[in-house]
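Reader: I am new to reading protein structures and would like to look closely at one part. Could you take me through the aromatic side chains step by step?

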Amino acid sequence: MTHSLFYAKIMLFGEYGIIENSKGLTLPFNSYKGTLQFSDLKDDKEQKSNLSLKAFSKYLKTLKFPSKFELNNTQLEKDIQQGMYFNSNIPQGYGVGSSGALVAAIFDKYCIHKISPSKIAKQDLKSLKLILGEMESFFHGKSSGIDPLICYMNIPLLIQPNSEVDKVGIFEGKEGKGAIFLINSGVPGETEPMVKIFFEKLKNEGFRKTLKEEFIRYNNACIDAFLKKETKPLFQNLKKLSLWALNHFSPMIPNDFLKIWKKGIDTNTYYLKLCGSGGGGYILGFTQDYTTTKKMLKNYNKEVIYRF
């Protein structure tokens with residue numbers, strides 16, 4: 001039996017902002033992956049996954065999909081009864097799309113009129129994002145659909161302010177002094193409580209104003225500079241973005257990381273930002289001098305995902 005693999009994702013830019021119409025840029029992250037498999041479910045992890053799939057399948061039956069995206073719920077239920085589970089090494093609660101990969105795998109296997117990701121027309125990407133978002137809402141309470149869409153498509157995607165989605169080419173990274181890297185906080189984060197904090201903050205007019213006038217401006221400028229390979233404006237706006245997050249997203253930043261977050265800004269050596277919803281999991285870092293950054297963050301577990 002052939003197993004389709006679904007990879008993790010990294011949202012480089014746009015966390016939280018896309019809820020309020022900012023741009024977003026997301027990339028596949030092939031270090032982690034998952035696939036649907038069958039077993040006798042003697043393993044605890046497999047049993048837990050199978051039970052989770054049972055609950056998920058009940059939820060999916062309550063959703064109404066357009067005919068072109070309809071799921072074969074009957075076959076899904078049968079397969080779950082026969083011992084299907086999601087075999088994944090994607091860490092949960094780390095902001096790299098563990099639930100997105102699962103949703104993508106289910107959609108890929110059980111969509112009745114399956115369309116190959118490479119043949120999906122641009123006008124269908126927006127609809128697909130909404131449907132996948134409805135599916136993923138089972139796990140998080142509310143989902144934009146971006147994570148499962150990137151996991152399904154497995155190519156870099158640019159999310160436009162009007163929720164349109166474009167396929168984009170990302171320039172090949174090369175061995176240079178600069179790097180984009182992850183820091184493992186050592187604790188998983190929970191998406192739903194973090195999203196609730198964000199929506200509470202949105203009730204404050206001052207926060208909404210600074211989000212729209214500052215955060216979204218810096219975020220969109222970072223994306224434009226990154227896609228144009230313009231390092232100077234990229235890092236100028238990264239600094240502003242990182243400082244803004246420190247001032248306004250501090251509840252989403254693990255306490256142990258507030259000090260090194262500020263140190264990066266103060267020394268202009270590296271800039272940190274949330275990876276996903278925050279609260280734990282991974283933290284995303286950008287630097288033009290990874291050698292120095294590595295020394296400064298020698299006590300932290302890091303993983304380079306892109307060199308330039």
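Which residues form one aromatic cluster here?

Author: Please keep in mind that this is a predicted model. The residues that form one aromatic cluster are Tyr16, Phe198, Phe199, Phe207, Phe215, Trp244 and Phe249. To see the wider setting, it helps to know that a search of the whole structure finds 25 aromatic pairs. One of them joins phenylalanine 69 and phenylalanine 107, whose rings are tilted, with 6.2 Å from centre to centre and 50° between the planes. This pair links distant parts of the chain, since phenylalanine 69 lies in the loop between helix 1 (44–60) and helix 2 (73–81), while phenylalanine 107 belongs to helix 3 (residues 98–110), 38 residues apart. Phenylalanine 69 counts as buried because its relative accessible area is 5%, which is under the 20% cut-off, and phenylalanine 107 is likewise buried, with a relative accessible area of 2%.

Returning to the cluster, two of its members, Phe207 and Phe249, also form a tilted aromatic pair, with 6.4 Å centre to centre and 50° between the planes. Here too the pair links distant parts of the chain: phenylalanine 207 sits in helix 7 (residues 205–227), and phenylalanine 249 is found in the loop between helix 8 (231–248) and helix 9 (258–267), 42 residues apart. Both phenylalanine 207 and phenylalanine 249 are buried.

Definitions and conventions:
Residues numbered from 1 in each chain as written. Predicted model: local features only at pLDDT ≥ 70, side-chain atom pairs only at ≥ 80, totals over all residues. Heavy atoms only, no water. Phe/Tyr/Trp six-rings, centres within 6.5 Å; stacked < 30°, edge-to-face > 60°. Helix = DSSP H or I, 4+ residues; strand = E, 2+ residues; numbered from the N terminus. Buried < 20%, exposed > 50% of the residue type's maximum accessible area, 1.4 Å probe, protein only.
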